[in-house]
Amino acid sequence: MTRLTFRALLLASTLSCAAFGAQAETLRVAMGYDPVSLDPIATSDNGSIWTQLLIFDTLVRPDASGEKLEPGLAESWTVSDDGLTISFALRDAKFSDGTPVTAEDVKFSIERAASKESSWGRFYRPITSFDIPDPHHIVMHLAQPFTPAFNNLALFAAAILPKAQVEAKGAAFFDAPVGSGPFVLRQWTRGASIELTKNPYYWQKGKPAVDEAVLEVVTEPSARVIKLEAGEVDVALDPPLNQLKELKAKPGITTGEVIPYRADFVQLNTRYAPLGNEKVRQALNYAIDKSALIKGVLYGEGKPAASAMPVMAYADPDLKPYPYDPAKAKALLAEAGYPDGFEAEMLVNSGIATQRNTAIALQAMLAQVGVKLKIQMLENGTQWSTTKAGNYQMSLSYATSDTIDPDQIIGFVAVNPERANAYHTEWKNERLNELYAQERQTVNGPERGAMFREMIQILHDGAPFIYLYHPATAWAEKDYVKGFSVLPTSNFRLEDVTIQK
Amino acid sequence: MIQVILKRLLMLIPVLIGITLIGFMLLQVMPGDPASRAMGTRASPEELAAMRRLWGLDQPLWVQYLYFLRDCVTGSFGVSIFHKVPVIALVAERLPFTLGIVAYSTLIALVVALPFAILAALKRGTAVDGAIRQVFVALIAMPPFWLCYVLILWLALGQGWFPTGGVGQGVVQNIYRLFLPALVVGLSTAALIQQSLRAALIDTLKADYVDTARAKGLTGAQVFLRHVLPNSLISTISIIGVRVSWIIGGTVVVEKIFSVPGLGSLLIDAIVARDLPVIRGLTVFFAILVVIVNLITDICYALADPRVRLE
């Protein structure tokens, strides 16, 4: 090396260091999941989905409340009165390589999401054809009215990808993806970290506020908290709930929490003799002290559940959970012909501490009203296949919603026959089935809301489950981090986050 | 010597065929289905079937097995269902960290165990020997996850000397960043080595040839370094061999707490997700590594003790 080039190198490296030090502001987030793939149609794990939503955009997206949609890549839209056409006007957005986002890209992405290779195809197959009047407009046609179709476009699987690049590169595209979201992937070290830099072409001018974001994979919950305390990360997702109080008291650290779209409950197989009786099922609901459960098992971080539906759009704020009333539970059991209670076996996922603890508490509470619970610990997959086959009496479980529209989850937990025969309880209510069929063809609005409220009331009264709680999701952050929050959809956005040291 | 090594490598083939068969069969009886893991509990039977078809899981078992053998022979070890990447690529990303922990922890173990084993053997029966034994027995008894957190709270969070976890770029940075995890693994190896090496040294010190060497007029140090130590190292070598095979896949707890992307956590994650090709591929890969480690162990025996012949 000549002296001159050496000096040039030295100068260059000094300059780049200086530039780096002056401007690059990095937000570091410790998350518990290791993303498996950045292909939106192939994934269902949180790590992958959260990362994809930072890199890609969808046409519409849930707003911060999680109850309605706000514009994403689409500036505006109209749904026809018959519900058969949805028209979108796209905004002037660019992918991170500078090429514009066009209606062709949208068509390609939605068709890809509906394809055979997609894990989420059923969400997009109701859209049967597309019209592209010009590169900034796209019209989607449905063969039959299907209201949830619009909401499904807000799901990560409907992320808009650059057609030309995905076609040219195939699977390799997702190792260095190009999207129109706020961030661009700089480096992905599997099992360790995802490094993102800001997308210079992002359509929200002046955002993101930070230059770089690093998602560190720290699967051990306590280790995430330790990293936050040591100042190695700025945000720690999902800290252990039993450490939250202690964390709140620490100087320089604040915490936040949100109730995501999840409800925990016990499935009751209505084909099993005592559980076929509605009074028995209601009695079991009265026998559970939900606030004690939340205090003891969730360390206070959750809400009691009134039904198997998460707290989401069209939820009825006036519907109250079953109160804790052992005397009433006993009376109902006696009325149903079980004055001395009965015995039942409950399946429990052995791999999750919260589930094990809940099971033990339920056993004690039900014993108070004479119901003897036998706990059967199982591996998750076996628990699922056993309940699916109907070979169970009770099973401690939960349901989460992928979309912000309650259609998906109510079809799953309450409708029979549908996907899961009311989540394998085999409970059936004709009025609810009717409402479900109607709701799917009714445009969004108060009328559709009333249908959901009636369905949820029927589900509450029929009690094919013991309703337990909606567990909270928490995060902890340094107090200089402003504007960070986890959304009810359980992902997080980083474009508005600032660091104010 | 080279012939012997080649012969041993050839012996790998029947071992590996056995491993592939057992690994394949065990996965068939494992409950849980990758399709329902991937698509969630809400997918319909038709959708699940379509996904299984896409992944080739609907093929007859023997066909799946032959595909698996083909993938092993071509060196990809299969393609991950979820990562959509050849298993060998996933292994390649993580192998450096695992091998790093193996080498680093073994070095730490030797540095810690050798002096104390020698000291304990020379001072056997004294208070010094007793004190050393107490400390090393305590090290054996210490659960690794506990030691991890103690070290993190004390040296990382308290003193700020080390990061609390995670890996960095390049060798130098990782020598620093992997110190604590390597120390946890290394200390438990050290405890095993110290106990057996002390016993071996005491035995050797009583041997006739040691007396002969002394009678020839060699100094104490010369006798110890040339005759006693090499003859006592056999047990240490076998312990290290066994430990290394274990560390390659067995340090999941340490990997998780220190956020080190090693092979152990790759395997556990694959099992949780039911990523069958990764589980199978890793099983075979671990088997190859174990056989190689055993071979190296045998070579080390021969080097340490000329009476041992490789056959």
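In this predicted model, domain 2 and domain 3 of chain A meet through 14 residues of domain 2 and 14 residues of domain 3. On the domain 2 side of this meeting place, helix 5 of chain A (residues 148-152) supplies the largest share, three residues. Sorted by class, the domain 2 side that touches domain 3 of chain A holds seven nonpolar, five polar and two charged residues. The C-alpha centres of these two domains of chain A are 34 Å apart. For orientation, domain 2 of chain A spans residues 57-163 and domain 3 spans residues 262-471, while domain 1 is put together from three stretches, 24-35, 181-258 and 473-499. A UniProt annotation from an unreviewed entry, "domain: Solute-binding protein family", is listed for residues 68-410 of chain A. Over residues 68-410 of chain A, 28% is helix and 26% is strand, and the C-alpha atoms at the two ends lie 18 Å apart.

A good place to look next is a sheet in chain A. Four strands of chain A make up an open sheet with the order 4-5-7-6, and their pairing is antiparallel. At its edges are strand 4 (74-79) and strand 6 (127-134) of chain A, each of which pairs on one side only. On average, neighbouring strands of this sheet are turned by 20° against each other, direction ignored. In general, the strands of a sheet pair through backbone hydrogen bonds, in either a parallel or an antiparallel way. Within the sheet, strand 5 (residues 85-90) and strand 7 (residues 137-142) of chain A run antiparallel and are joined by five bridges. One pairing to look for is that of A:Ala89, whose bridge partner in strand 7 of chain A is A:His137. Helix 3 of chain A (residues 103-113) lies across strands 5, 6 and 7 of chain A, and its direction is at about 170° to strand 6 of chain A.

Elsewhere in chain A, helix 9 (residues 278-286) is largely enclosed by the rest of the structure, because seven of its nine residues are buried. The buried residues of helix 9 of chain A are A:Val280, A:Arg281, A:Gln282, A:Ala283, A:Leu284, A:Asn285 and A:Tyr286. They pack against two strands of chain A, strand 13 (262-268) and strand 18 (465-471), and against two helices of chain A, helix 11 (326-335) and helix 12 (353-367). A:Asn242 offers a contrasting case: this residue counts as exposed, because it has 12 C-beta neighbours inside 10 Å. A:Asn242 sits in the loop that connects strand 11 (235-237) to helix 8 (244-249) of chain A. Its C-alpha atom is 9.2 Å from that of A:Gly300, although the two residues are 58 residues apart along the chain.

Attention now turns to chain B, and to how it meets chain A. The contact between the chains involves 35 residues of chain B and 33 residues of chain A. Several helices of chain B give two or more residues to the side that touches chain A, namely helix 2 (34-39), helix 3 (45-54), helix 5 (87-122), helix 7 (144-158), helix 12 (252-257) and helix 13 (263-273). Helix 3 of chain B provides the largest share of this side, four residues. By class, the side of chain B that touches chain A is made of 16 nonpolar, 11 polar and eight charged residues.

Chain B itself is divided into domain 1 (2-74) and domain 2 (93-304), with C-alpha centres 33 Å apart. Here 16 residues of domain 1 of chain B are in contact with 12 residues of domain 2 of chain B. On the domain 1 side of this contact, helix 1 of chain B gives the most, with 10 residues. That side contains 10 nonpolar, three polar and three charged residues.

The UniProt record, an unreviewed entry, adds "transmembrane region" annotations for residues 9-30, 101-122, 134-155, 175-193 and 284-304 of chain B. Residues 175-193 of chain B are 95% helix and 0% strand, with their end C-alpha atoms 23 Å apart. Residues 284-304 of chain B are 100% helix and 0% strand, and there the end C-alpha atoms are 30 Å apart. UniProt also annotates residues 95-297 of chain B as "domain: ABC transmembrane type-1", again in an unreviewed entry. Over residues 95-297 of chain B, the chain is 84% helix and 0% strand, and the end C-alpha atoms lie 20 Å apart.

How values were computed
Residues are numbered from 1 along each chain as its sequence is written. Chains are lettered from A and ligands numbered from 1 in the order in which they are written. This is a predicted model: local features need pLDDT of at least 70, side-chain atom pairs count only at pLDDT 80 or more; totals for chains, interfaces and linings use all residues. UniProt positions are given in the numbering used here, feature names are shortened, and annotations may be inferred rather than shown by experiment. Two strands pair if DSSP finds at least two bridges between them. Axes are lines fitted to C-alpha atoms, for helices over the stretch in contact, and angles run from 0 to 180 degrees between N-to-C directions. Two residues are in contact if their C-beta atoms, placed from the backbone, lie within 7 Å. A residue is buried if 20 or more other C-beta atoms lie within 10 Å of its own, exposed if 12 or fewer, and partly exposed in between; C-beta atoms are placed from the backbone. Ala, Val, Leu, Ile, Met, Phe, Trp, Tyr, Cys and Pro count as nonpolar, Asp, Glu, Lys and Arg as charged, and the others, Gly among them, as polar. Domain bounds come from an automatic or database domain assignment.
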